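Reader: I would like to learn how to read strand pairing, helix packing and a metal site from a set of coordinates. Could you take me through one case, step by step?

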Amino acid sequence: MSSSYSALSEIPCSKEQVENCIFSRWYPKFKSYVPMTRIIKPLPSEFIRYLEQDGIKLPPVDQELSIYTSDPVGNQANDYSDGEDAQEEEQQEDEIKPLIHFPELHNQIKQVIAELGPVTPKLNWSSPRDAVWILPNNTTKCTEVNEIYLLLNASNYIVHDLEIGQQQGNEFELVLRQWFALNPALEFRVFVRDSKIVGASQRDLNYYKYLESLKDQFKDVFDEFVEETAIPNFPDKSFVLDLYVPRPFNKVYLIDINPFARKTDPLLFSWNELATIENQDDYELRLVPENNVGRFASKEHSENQVPKDVVDASLDPRAIKELTEQWTQLLRRQQEESDSE
Ligand SMILES: Nc1ncnc2c1ncn2[C@@H]1O[C@H](COP(=O)(O)OP(=O)(O)OP(=O)(O)O)[C@@H](O)[C@H]1O
Ligand SMILES: [Mg+2]
């Protein structure tokens, strides 16, 4: 066989490099390139525990005030406990509830939404992109505070941020970016190694015919931003930029900065390539080819998707009970049918 194999390139990434990519660390230096954003930090430890707890406990929208005034410790009576389950009640006492345990943060988030309109949330590094299935519009657009809780609670990427932050001892922050309808075709990831661009990739892995003829124009704006703004202002020599270049393709928006490390998705490249590309005088802007197959045709984050009736039920213990009964009946029926065959 003629194919040759290369050893997996080592790509060192220090704790400091990861910390330099925390949103609030780089945001002040690049503010004029970043869509309107508010950062709330530090976050109360109750909120972090709320994100870590199993299940999702939302305050009922219409009753926020009455819950807060009539039941300050959060032991709301419910009509399905019928005194049968002391354990369940005890568990409820331990539950963290926004209006009871972090009302200030709750109100701060509401104020930001009142000021900016719909927002898209993220923690120190990650946005809950894997959890869009939980919102009716299937995006990270949040028009009210409960949608933010839903998204953050349902996301594995957020769990990952919590783990990294705790391991490294970082303060947590909630980043609320004003939501705008960006065109995913015009999002790019630009890989910078030792102060040179080594590659750029389309970020959304669908085929868009019109991108090919615009390649040089995109590269011009990447070059200008990276050389004149990113490299002089970012503390590391290697990093990965997420840039958005809307029509008429002459200005970039900075969406995110990620570590130059294997944990960052290399998209249409491989990390081995990015670590070893030698000609640094020019670089390739890779686009998804027509008739793309394989990994690029698969749906993103599909491993994290759950049927909607399960999600709906997870918000209401009675519905969970009903759903379980329906499933049990279905299984029983199937069993009976197969027995009678
Ligand atoms: N202000 C905004 N309005 C609408 N959509 C946005 C906004 N900012 C970001 N997005 C969308 O959210 C996506 C994810 O944002 P971001 O890159 O910050 O998340 P991330 O968790 O850091 O992603 P990754 O894990 O790939 O680094 C972007 O690709 C973009 O499509
Ligand atoms: Mg990122």
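The dialogue below goes through the sheets, the helices that pack on them and the metal site.

Author: Please keep in mind throughout that this is a predicted model.

Reader: How should I begin with a sheet, and in what order do the strands of the open sheet lie?

Author: Strands of a sheet pair through backbone hydrogen bonds, either parallel or antiparallel. Here an open sheet of 3 strands has the order 1-3-2, and its pairing is antiparallel. Strand 1 (37-40) and strand 2 (119-122) are the edge strands, each of them pairing on one side only, and from one strand to the next the twist averages 20°.

Reader: Over how many bridges do strand 2 and strand 3 pair?

Author: Strand 2 and strand 3, the latter made of residues 174-178, are joined over 4 bridges in the antiparallel sense; as an example of the register, Val119 has Gln178 in strand 3 as its bridge partner.

Reader: Which strands does helix 7 lie across, and which does helix 8 touch?

Author: Helix 7 (residues 103-116) lies across strand 1, strand 2 and strand 3, and runs at about 175° to strand 1. Helix 8 (residues 145-154) also packs on the sheet, where it touches strand 2 and strand 3, and its direction makes about 35° with that of strand 2.

Reader: What links strand 4 to strand 5, and what is notable about phi in the turn?

Author: The two strands form a hairpin with 2 residues between them, and Asp194 in the turn has a positive phi of about 50°. Strand 4 (residues 187-193) pairs with strand 5 in the antiparallel sense over 6 bridges, with Phe188 standing opposite Gln202 in strand 5.

Reader: Do the residues of strand 5 count as mostly buried or mostly exposed, and in which sense does strand 5 run with strand 8?

Author: Strand 5 (residues 196-202) is mostly covered, since 6 of its 7 residues are buried. Strand 5 and strand 8 (residues 285-286) run parallel and are joined by 2 bridges, and Ala200 stands opposite Leu285 in strand 8.

Reader: Turning to the metal, which residues are the protein donors of the magnesium ion (ligand 2)?

Author: The donors are Asp256, through OD, and Asn258, through OD1, and they lie 2.0 to 2.1 Å from the ion.

Reader: Why do Asp256 and Asn258 count as buried?

Author: A residue is called buried when its relative accessible area is under 20%. Asp256 is therefore buried, because its relative accessible area is 7%, and Asn258 counts as buried because its relative accessibility is 10%.

Terms used
Residues numbered from 1 in each chain as written. Chains lettered and ligands numbered in written order. Predicted model: local features only at pLDDT ≥ 70, side-chain atom pairs only at ≥ 80, totals over all residues. Heavy atoms only, no water. Donors = N, O, S within 2.8 Å, 3.2 Å for Na, K, Ca; no water. Buried < 20%, exposed > 50% of the residue type's maximum accessible area, 1.4 Å probe, protein only. Pairing = 2+ DSSP bridges. Axes fitted to C-alpha atoms, helices over the stretch in contact; angles between N-to-C directions. Contact = heavy atoms within 4.5 Å.
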